[in-house]
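Q: Please take a close look at one part of this protein, the strands and how they pair. Walk me through it step by step.

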Amino acid sequence: MGAGHLTVEYDPRPSAVREARAEVRRQLEEWGITDLDDVADVAELLVSELATNALLHSASRFRLTLFAAHGILRCEVRDAGRRVPKVLEAGASESGRGMFLVDALARRWGCHQDGVGKTVWFELGTCGSGDCCRRQSQATTGGPAERSRA
């Protein structure tokens with residue numbers, strides 16, 4: 001599997017979510033990550049959730065950053081909003097489930113303030129073994145804005 005880094009900025013328009021998903025797929029194919037389990041599908045889904053949140057809650061440009069190295073794919077979405085995301089129960093509502101999915105599918109995730117905005121990120125394992133890609137079982141240090149699983 002290759003390693004790499006990519007950063008792309010998007011204007012606050014509905015098509016930006018689709019464009020970000022396509023960019024994730026394209027980049028992961030280039031890095032050779034698409035052949036590993038369902039990493040690319042999960043990354044696309046979770047990036048679309050974070051990008052949608054950025055559009056709905058900040059209505060600003062957002063920046064997608066991908067890092068791949070040492071068996072980890074880290075995806076970040078930075079926007080101008082200050083609202084920290086919360087995990088809601090996946091009830092019958094048609095909205096509000098994005099962070100529930102991130103929490104359920106990501107190995108780790110978190111949020112940190114960046115000056116006028118925030119960055120929400122998640123990590124997925126890419127080493128190709130079941131143990132590598134499993135979530136850690138308990139939250140670790142980093143406060144309420146960072147969650148870790150094994």
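A: Here is a walk from the whole chain down to one group of paired strands. Keep in mind that this is a predicted model.

Start with the overall inventory. The protein has 4 helices and 6 strands. Their order along the sequence is β-α-α-β-β-α-β-β-α-β. The pattern opens with a strand, and two helices come next. Then two strands follow one another.

Now zoom in on strand S1, which covers residues 4–10. Its partner is strand S2, residues 62–69. The two run antiparallel, and 7 bridges join them. One facing pair is easy to find: Glu9 stands opposite Arg63 of S2.

S2 also pairs with strand S3, residues 72–79. This pairing is antiparallel too, with 7 bridges. Look for Leu64, which stands opposite Val77 in S3.

How do S2 and S3 connect? They form a hairpin, with 2 residues between the strands. His70 sits in that turn. The phi angle of His70 is positive, about 55 degrees.

Put the pieces together. S2 is joined to S1 and is also paired with S3.

Finally, step back to the whole protein. Take the contacts between residues at least 6 apart in sequence: 61% of them join residues at least 24 apart. Of the 150 residues, 46% are buried. The accessible surface is about 7,700 Å². Carbon and sulfur atoms account for 50% of that surface.

Terms used. Residues are numbered from 1 along each chain as its sequence is written. This is a predicted model: local features need pLDDT of at least 70, side-chain atom pairs count only at pLDDT 80 or more; totals for chains, interfaces and linings use all residues. Side-chain values use heavy atoms; hydrogens and water are left out. Buried means under 20% relative accessible area, exposed over 50%, partly exposed in between (1.4 Å probe, protein chains only). Contact means heavy atoms within 4.5 Å. Accessible areas come from the Shrake-Rupley method with a 1.4 Å probe; for residues, only the protein chains shown count as cover. Two strands pair if DSSP finds at least two bridges between them.
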